[in-house]
Amino acid sequence: MASKRKKRSKGRLAVTLIDRAKRNLERGDFKQALKDVRVCYRQAPTPDCRCFLEHAYIGRAQQLLQNGLVEDSRRIVRDLLDLGVTEPAVEAGLPDLLLSVGMFDCLPQGDDALTDEERDRLRVKAADQAVVQPRNTPKSMPEVREDAQQIRTALEAVERGDESVALGYLRDIPRQSLFADWKYFVRGLIAYYGHDKTGMAANWSRLDADRAATRIAAPLKVVAGVASLRDDGNLRSKVSRLENQVTNGAVLGRLTRLRQSTADRDWPLLLKTLRVDQRSLRETDEGVYRRLVSCLCGVFVNDGLVEELEEFSRIVDPLPIDPRWNRAKAIACEHSDYDDEDPEEYWHKYLRDLEDLPVFSPAQRDLARGLVWLRMAEYYVTDAVGLRNCRCGADHRTYIKEAEKRARGAFQQCFMLAPAHAPAYVAAATFHAIADRPEEAAKVHQRLLEHVPAHLDALLFLAEYHVSHGEGLKAHEFALRAHELKPLGKKTRGLLWATHTEAACELARTQQYDKARSEVAAADRLQPARKDDYDVLARKAALEIKAGNPGAARRFVEQALEQLDEPTALWLVMTMEAIRYDLPWQEVCLYEKRWCQALKRRCCSETAGLMCHVLDAHLRMPQPYPQHEEHTRILLQYVRRCSRVKWRPEDLRHVCEFLEPLEELKLLAKLATKGIRKCPEIGYFHWVMGMVEIEKGPFRYKRKLTLKRLRQAIELASESSDPRDKPVVENAKRGLSLIEDISHHHDDDLDESSENGCGDPMDGVAPEDLRNVIETVCGRLGLDPEEILDELVGGQPDKSR
Amino acid sequence: MADPYSILDVSPDVDEATLRRRYLELVRRNPPEKCPRQFAEIREAYEQLRDPVRRLERQLFQVRGGESVDDVIADLRSRVQATRIPTEILLSLAER
């Protein structure tokens, strides 16, 4: 009874196990299925059970192989072969499996039972197998083993960096060979190491997608940046394996995520990712981590993201030179678009940090503090200049004064801490020059020369400064030092010449005629080409008159007259020099009379050009000679008479330069238009036209036209080789920024009025649109729009209209 | 211009002698007649760092403006790419 029960229970058990094995087979749990079906087959070796057993064997062997457990897989395959294969489906999968575990030679019927197609496919697989795992190459395929060995040798040569040897091994592999794929792979690999993307693509694009070489090339392509890291776990892990060759772990994926957040400007996500990943990133590769922190910090700082920087500073460690992040925050504030972000506070805090910062030596600390003060000074200067150029109409004088006071203080601190730092003096001098304080600029340059005696720019500045103040002897010292530093420099030579000429005048006024003559002779030696110029000869004549040598003076005057077609310009220069050389009043009157008489002649381009050029040079000096105003008035009348003159471009330019500071806008515009018509390639005339437009004011200027003129001026002047065109570029750029300012003010006004909700109905209209509206309305009413605009700008509307 | 420290592969606190040694080493490796572009880059980077005042200014006021996350990735990629992969590891990438 007991044995009967036992038998029944055994049978029930077998039924239960076989069902479970079937379920496990379907589920892919081959390990449990094999265990169960083995027991069942031992108990009841039915055909069904055998079928399941064969499937379980092959399934488990394939699974082990996939998990890289080749030896275990091989053991299972051996058991399967011992059992014998009867199931057609199992039989079909067996050759691949046998090949993979290196037991292809054990194929029960040999490869004769295979179709040609299947045999070819297996040979391809065997070829890949022979390269990847040569141990598993079937003995029945000796030729495959040999060729595969050649590929491996080539790969080893590439590993050693011996590319030519590697290519030598590949040379004999024909295109139809099973190993042609590997040949392309090795070539592509050589290109990969050589960072040759084209070579890589040319070879790896020919790889068969189903073969092993393609699978190897895939992660290499990701590393080379020619393929992206898709959501493919297998590929990701292969790339990580490559990364592990140089770092302690995989970081490329994490960096890619951070890059994406940066590109999307998704700062919360970026900071969250960084908070999570920073420790492991740091452990993986300290160098990469530091660079990453540094460049992310750069993003926050350079984009002025002060709040994000604050958050960032809580996640990562500060740099040794900025232990409290004050430096970074100060720079971020400088770049911020918000006015309430003030860098000053952070710079002051950083100055305190610098007092005992261990990364710097005491001398470096002083220099660093000096540089920070200079940075602050430049910030204040920018502030002051911005306020000075502001055209909003508000009175900024108090703020300008305050900003300038702070700038001066900051410059002083800088001079104290870094006395030999020349750029600080240059910045301070520029600050004074912009604010029209040449005396202070000269003092700063003088101070710079105490610390840096061979500072060419300072020497040139001081030489020019003293020449322009009629102090030739003082200027001479600086010009001479500059000339010694740069003897072939055109500017230094020109300046030295000017100081000789000016010194001659100064000496002549104090009756030191011989010294004055030797200065003139020195000037002639320096620039022999100029010694016979009419204006130089005029100066010599003035000197000789002063020295009581009228004969010599007459000869100089006659010589000068020979240089000119008509004498008008000479009489003007003689008048000016007579005044400057302090000649007797009768002499001055004599030349002035001659000049006025000569002016009555027919107008001529050359004469106008020469006179404007010479008078303009004097007008640009801080202290022009007495009577210059009267001479300017007379010359202006002459220029007005020149309406039918056949202008030469050079003369037109001189005349325009003379008119620039005189506020003769209509005449200037007329002549500049002529200049553009005659010589459209001269940027100067375009700039003049642009500036004339701007001078009309925000309601009357034509924005598009002005922009066009200024842009054209920049383009033409930048290409020009004429040194006079250099300032044209700068001036035109300033003009463009002025237009921007006008537009911004208009936008700001618009914002304010819309915020307050109390805006004037005309507040939303741009100045140029307003002008158009006024012109249209005036056109309808028969009024002159210019008059209406004059009244609007002047702020005195005529009620009768 | 890219970060001069990265070009010369030196840390920001590098001393003058090490900087010069590194510069000469790179110049020897990238002579102007063979690698003019690299040579110019190295030279410019050295010029930026050799003047202590310019270097200090750079340290104080330039917050790695020239480098982006892309550069870090590209550099890492380049380092991985430049490392010769042992043949066995390379072939192990063939597994599915």
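The paragraphs below walk through a predicted model, going from its nonpolar cores to a pair of helices, then to the contact between two chains and finally to a single residue in a loop.

A good place to begin is the interior. In soluble globular proteins, nonpolar side chains tend to be buried together. In this model the largest nonpolar core has 225 residues, and the residues with the most contacts inside this core are A:V186 and A:A377. Helix α19 of chain A, which covers residues 362-389, provides the largest share of the core, namely 12 residues. If we set aside the neighbours within four places in sequence, A:A377 is in contact with A:A407, A:A410, A:F411, A:C414 and A:A427. Apart from this largest core lies another one, made of nine residues, and among them are B:L8, B:I42, B:Y46 and B:L49.

We can turn next to two helices of chain A, α23 with residues 456-468 and α24 with residues 472-485, whose axes come within 8 Å and cross at roughly 155°. Because an angle over 145 degrees counts as roughly antiparallel, α23(A) is roughly antiparallel to α24(A). The crossing in which α23(A) passes α24(A) is left-handed. On the side of α23(A), the residues that meet the partner helix are A:L456, A:L459, A:L460, A:L462, A:A463, A:H466 and A:V467, while α24(A) brings A:G472, A:K474, A:A475, A:F478, A:A479, A:R481, A:A482 and A:L485. Sorted by class, the residues of this contact comprise 11 nonpolar, two polar and two charged.

How do the two chains meet? In the model, 51 residues of chain A are in contact with 33 residues of chain B. On the side of chain A that touches chain B, helix α15 of chain A, with residues 286-302, gives the most, contributing nine residues. That side of chain A has 29 nonpolar residues, together with 11 polar and 11 charged ones.

The last stop is a single residue, A:S720, which is found in the loop between α36 (703-719) and α37 (726-756) of chain A. Is A:S720 buried, exposed or partly exposed? It counts as partly exposed, because A:S720 has 17 C-beta neighbours inside 10 Å, whereas a buried residue would need 20 or more and an exposed one would have 12 or fewer. Although A:S720 and A:I682 stand 38 residues apart along the chain, their C-alpha atoms are separated by 8.1 Å. Not counting residues up to four places away in sequence, A:S720 touches A:G683 and A:D725.

Technical notes
Residues numbered from 1 in each chain as written. Chains lettered and ligands numbered in written order. Predicted model: local features only at pLDDT ≥ 70, side-chain atom pairs only at ≥ 80, totals over all residues. Axes fitted to C-alpha atoms, helices over the stretch in contact; angles between N-to-C directions. Helix = DSSP H or I, 4+ residues; strand = E, 2+ residues; numbered from the N terminus. Parallel < 35°, antiparallel > 145°, perpendicular 65-115°, else oblique. Left-handed = near helix turned anticlockwise from the far one by under 90°. Contact = placed C-beta atoms within 7 Å. Nonpolar A, V, L, I, M, F, W, Y, C, P; charged D, E, K, R; others polar. Core = buried A, V, L, I, M, F, W, Y, C linked by C-beta atoms within 7 Å.
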